[in-house]
Amino acid sequence: MFQSKIAGIGYYVPKNVYSNNDLTRFMETSDEWIQERTGIKERRYADRLEETTTTMGVEAAKVAIERAGTSAEEIDFIIFATLSPDYYFPGCGVLLQREMGMKEIGALDIRNQCSGFVYALSIADQFIKTGMYKNILVVGSEKHSFALDYSTRGRAVSVIFGDGAGAVVLQPTTEEGKGILSTHLHADGEEAEKLAMYYPGASGGKWLENKPTWPDQELGGMLMTSDMLEDGTAFPYMDGQAVFKKAVVKFPEVIHEALAKNNLQAGDIDMLVPHQANLRISQYVQKTLGLKDEQVFNNIQKYGNTTAASVPIALCEAWEQGKIKDGDLVCLAAFGAGFTWGSALIRW
């Protein structure tokens, strides 16, 4: 079996910067209120009509592919993680494949939200280890700004999220002890509705206490109604306290799981790159693990929560700033809707 290594990494964030003060034009909020609860100072928003989840993914992928010393033609599998696809279907993987002029290779789209990139990396790792593929492009990309409720009603969710993309190219290596050492994935659907976007969907509201009113007809008409746009049920819902309580338990737990698997301790970590969900969560995890500031990388202050894109964006920035060097032990961890969570331990 081969080991898999990150041969190239890249990220892309839109040029449009929205500070916390900018958001006060749309809702009752303040810089102090947002920073106190999330640690976020600003975020990036994609151009409304020119940029999509796919186009941002393409830009990140170009950088990763170039840094890997390969080309789009040599990529033999795509894994695209997002919760904000260009279309309800088909997925972004085939759109990226088309835009980059790639061969007729497989394209897998996964919907694991904030944990999406870690899940995607784990899947790619298995394909590399078995020798099935040699150049796998893994992308996490999000365009949240197209569908959030930018009003006082929706501020608890809308102030948190930003747009952007990150990508890596995974390749095999025979260098012992290098590359991805292990990945660990978990899920618990018991509280799935605590962080969700219910519509458009095919459930008909089956799992919800407050059932929607659907048109009186025999077939169809159950994807979305105009009333849902008016009353706000079409927008994402989050029970912030429930998410926080679960995240601060599962984040350290899955990190310790990765360390134990490899006979390592928290102090051995050179760089922890957590999913940028909330600076308060990252700080709690850091304290729980007993890590120093220089052992944890956060950039949520600049970009907000970019869900599936947040880990690769942060990983790339940390590497570009020289905070991740050859031989370093790097831990990635994420927690999000589902609930799903996971970790990956990498010897850089």
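Hi everyone. Let me start with a pair of helices: H3 and H4 lie oblique to each other, because their axes cross at roughly 55°, and an angle counts as oblique when it is neither under 35 degrees, nor over 145, nor from 65 to 115. Before I go on, please keep in mind that this is a predicted model.

So, back to that pair. Helix H3 covers residues 53–67, and its axis comes within 9 Å of the axis of H4. The crossing of H3 and H4 is right-handed. Which residues of H3 and H4 meet there? From H3 we have Thr53, Thr54, Gly57, Val58 and Ala61, and from H4 we have Cys92, Leu95, Leu96 and Glu99. Sorted by class, the contact of H3 with H4 has five nonpolar, three polar and one charged residues.

Now a quick look at the loop before H4. Tyr87 sits in the loop between strand E4, residues 77–81, and helix H4, residues 92–99. Tyr87 and Thr53 are 34 residues apart along the chain, and their C-alpha atoms are separated by 9.8 Å. Is Tyr87 buried, exposed or partly exposed? Its relative accessible area is 43%, so Tyr87 is partly exposed, given that buried means under 20% and exposed means over 50%.

Next, the sheets. One open sheet has five strands in the order E1-E7-E6-E4-E5, with mixed pairing. At its edges are E1, residues 3–12, and E5, residues 106–110, and each of these pairs on one side only. On average, neighbouring strands in this sheet are turned by 20° against each other, direction ignored. H4 comes back here: it packs on this sheet and touches E4, E5 and strand E6, 136–142, and its direction makes about 130° with that of E4. Over at E1, nine bridges link that strand to E7, residues 164–173, in the antiparallel sense. One of the bridge pairs is Gln3 with Thr173 in E7.

The other sheet I want to show is open too, with four strands ordered E8-E13-E12-E11 and mixed pairing. Why do E8 and E11 each have one side without a neighbour in the sheet? E8, 179–187, and E11, 271–274, stand at the edges with a single partner strand each, so one side of each stays unpaired. Neighbouring strands here are turned by 10° on average, again with direction ignored. E8 and E13, residues 340–347, run antiparallel and are joined by eight bridges, and Ile180 stands opposite Ile346 in E13. Helix H5, residues 116–129, packs on this sheet, touching E8, E12 and E13, with its direction at about 125° to that of E8.

Thanks for listening, everyone!

Terms used
Residues numbered from 1 in each chain as written. Predicted model: local features only at pLDDT ≥ 70, side-chain atom pairs only at ≥ 80, totals over all residues. Heavy atoms only, no water. Pairing = 2+ DSSP bridges. Helix = DSSP H or I, 4+ residues; strand = E, 2+ residues; numbered from the N terminus. Axes fitted to C-alpha atoms, helices over the stretch in contact; angles between N-to-C directions. Contact = heavy atoms within 4.5 Å. Buried < 20%, exposed > 50% of the residue type's maximum accessible area, 1.4 Å probe, protein only. Left-handed = near helix turned anticlockwise from the far one by under 90°. Nonpolar A, V, L, I, M, F, W, Y, C, P; charged D, E, K, R; others polar.
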